[in-house]
Amino acid sequence: GGEKRRCDLSLCFALNRWVTDRYNLTGGLFGFMIFDELFAGLDGAGDEDVGSALLSASRDRCVFIISHSERFRSYANIVYVVKKENEITTLTIGKGGV
């Protein structure tokens with residue numbers, strides 16, 4: 001789980017870097033990256049490695065992480081929380097830890 005997740009992330013960053021360099025694009029193909037459940041299967045050390053990679057990647061592009069876990073919150077500038085209670089969906093916006 002965690003090892004595969006790290007490899008997937010590395011491949012994603014490498015592909016984005018290749019496209020950026022090959023086609024002379026600023027910030028990658030679209031200027032943003034979206035990850036779903038990125039921290040699933042990672043331990044504490046894996047969280048730190050992936051979090052550091054995300055901070056580095058977010059310097060020149062927007063990075064979105066979709067997750068049910070709050071472990072990534074300390075790596076975020078802005079956190080959007082979507083909740084559904086009694087058939088009513090709410091969105092709250094808060095600050096992360098960065």
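# Exercises on a predicted single-chain model

The largest pocket of this structure has a volume of about 790 Å³. The model is a predicted one.

## Exercise 1. The largest pocket

Task: Establish how many residues line the largest pocket, which of them lie nearest its centre, and which elements each supply at least two residues of the lining.

Solution.

Step 1. The lining of the largest pocket consists of 25 residues. Those nearest the centre are Ile 65, Phe 72, Ala 76, Ile 78 and Val 79.

Step 2. By class, the lining contains 16 nonpolar, 6 polar and 3 charged residues.

Step 3. Three elements, helix H2 (44–57), strand E2 and strand E3 (78–85), each contribute at least two residues to the lining.

## Exercise 2. Overall architecture

Task: State the pattern of elements along the protein chain and the percentage of its residues that are buried.

Solution.

Step 1. The protein chain holds 2 helices and 4 strands.

Step 2. Taken in sequence order, these elements give the pattern α-β-α-β-β-β.

Step 3. Along the principal axes, the C-alpha atoms occupy a box of roughly 50 × 30 × 25 Å.

Step 4. The chain has 98 residues, and 24% of them are buried. The criterion for a buried residue is a relative accessible area under 20%.

## Exercise 3. A nonpolar surface patch

Task: Identify the residues that make the nonpolar surface patch of about 530 Å², and decide whether Phe 32 is buried, partly exposed or exposed.

Solution.

Step 1. The patch is formed by Phe 30, Phe 32, Ile 34, Phe 64 and Ile 66.

Step 2. Strand E1 (32–36) and strand E2 (62–66) are the elements that give two or more residues to this patch.

Step 3. Phe 32 belongs to strand E1. Its relative accessibility is 38%, so Phe 32 counts as partly exposed.

## Exercise 4. Salt bridges

Task: Find the partners of Arg 17, Arg 73 and Lys 84 in salt bridges, and assign each participant to an exposure class on the basis that exposed means over 50% relative accessible area.

Solution.

Step 1. Side chains of opposite charge can pair when their charged atoms come close. Over the whole structure, the search returns 3 salt bridges. The cut-off applied is a nitrogen-to-oxygen distance within 4 Å.

Step 2. Arg 17 pairs with Asp 21, with 3.7 Å between the closest N and O atoms. The two residues are 4 residues apart in helix H1 (residues 2–22), so about one helical turn separates them. Arg 17 is partly exposed because its relative accessible area is 41%; Asp 21, at 53%, is exposed.

Step 3. Arg 73 pairs with Glu 70, and here the closest N and O atoms are 3.2 Å apart. A relative accessible area of 26% makes Arg 73 partly exposed, whereas Glu 70 reaches 57% and counts as exposed.

Step 4. Lys 84 meets Glu 87 in a salt bridge of 3.9 Å, N to O. Lys 84 has a relative accessible area of 57% and is therefore exposed. Glu 87 is likewise exposed, with a value of 68%.

## Exercise 5. Positive phi angles

Task: Give the phi values of Asn 24 and Glu 87, and locate each residue with respect to the helices and strands.

Solution.

Step 1. As background, most residues other than glycine have a negative phi.

Step 2. Asn 24 has a phi near 55°, which is positive although the residue is not glycine. Asn 24 sits in the loop between H1 and E1. With a relative accessible area of 71%, Asn 24 is exposed.

Step 3. Glu 87 has a phi near 65°, again a positive value in a residue other than glycine. Glu 87 is in the loop between E3 and strand E4 (88–95). The salt bridge to Lys 84 involves this residue as well.

## Exercise 6. A contact in space

Task: For Ser 58 and Gly 31, set the sequence separation beside the C-alpha to C-alpha distance, and determine where Ser 58 lies.

Solution.

Step 1. Ser 58 is part of the loop between H2 and E2.

Step 2. Ser 58 and Gly 31 are separated by 27 residues in sequence, while their C-alpha atoms are 9.7 Å apart in space.

Step 3. Ser 58 has a relative accessible area of 35%, so Ser 58 is classed as partly exposed.

Definitions and conventions:
Residues are numbered from 1 along each chain as its sequence is written. This is a predicted model: local features need pLDDT of at least 70, side-chain atom pairs count only at pLDDT 80 or more; totals for chains, interfaces and linings use all residues. Side-chain values use heavy atoms; hydrogens and water are left out. Patches are made of residues with over 30% relative accessible area and no salt bridge: like charges are joined within 9 Å, nonpolar side chains (Val, Leu, Ile, Met, Phe, Trp, Tyr) within 5 Å. Accessible areas come from the Shrake-Rupley method with a 1.4 Å probe; for residues, only the protein chains shown count as cover. A salt bridge is a side-chain nitrogen of Lys or Arg within 4 Å of a carboxyl oxygen of Asp or Glu. Buried means under 20% relative accessible area, exposed over 50%, partly exposed in between (1.4 Å probe, protein chains only). On a 1 Å grid over the protein atoms alone, a cavity is a set of points where a 1.4 Å probe fits but cannot get out, and a pocket is an open set with protein on both sides within 12 Å along at least five of seven lines; lining residues have an atom within 4 Å of a point. Grid points are joined across faces, edges and corners, and a volume is the space filled by probe spheres set on the points. Ala, Val, Leu, Ile, Met, Phe, Trp, Tyr, Cys and Pro count as nonpolar, Asp, Glu, Lys and Arg as charged, and the others, Gly among them, as polar.
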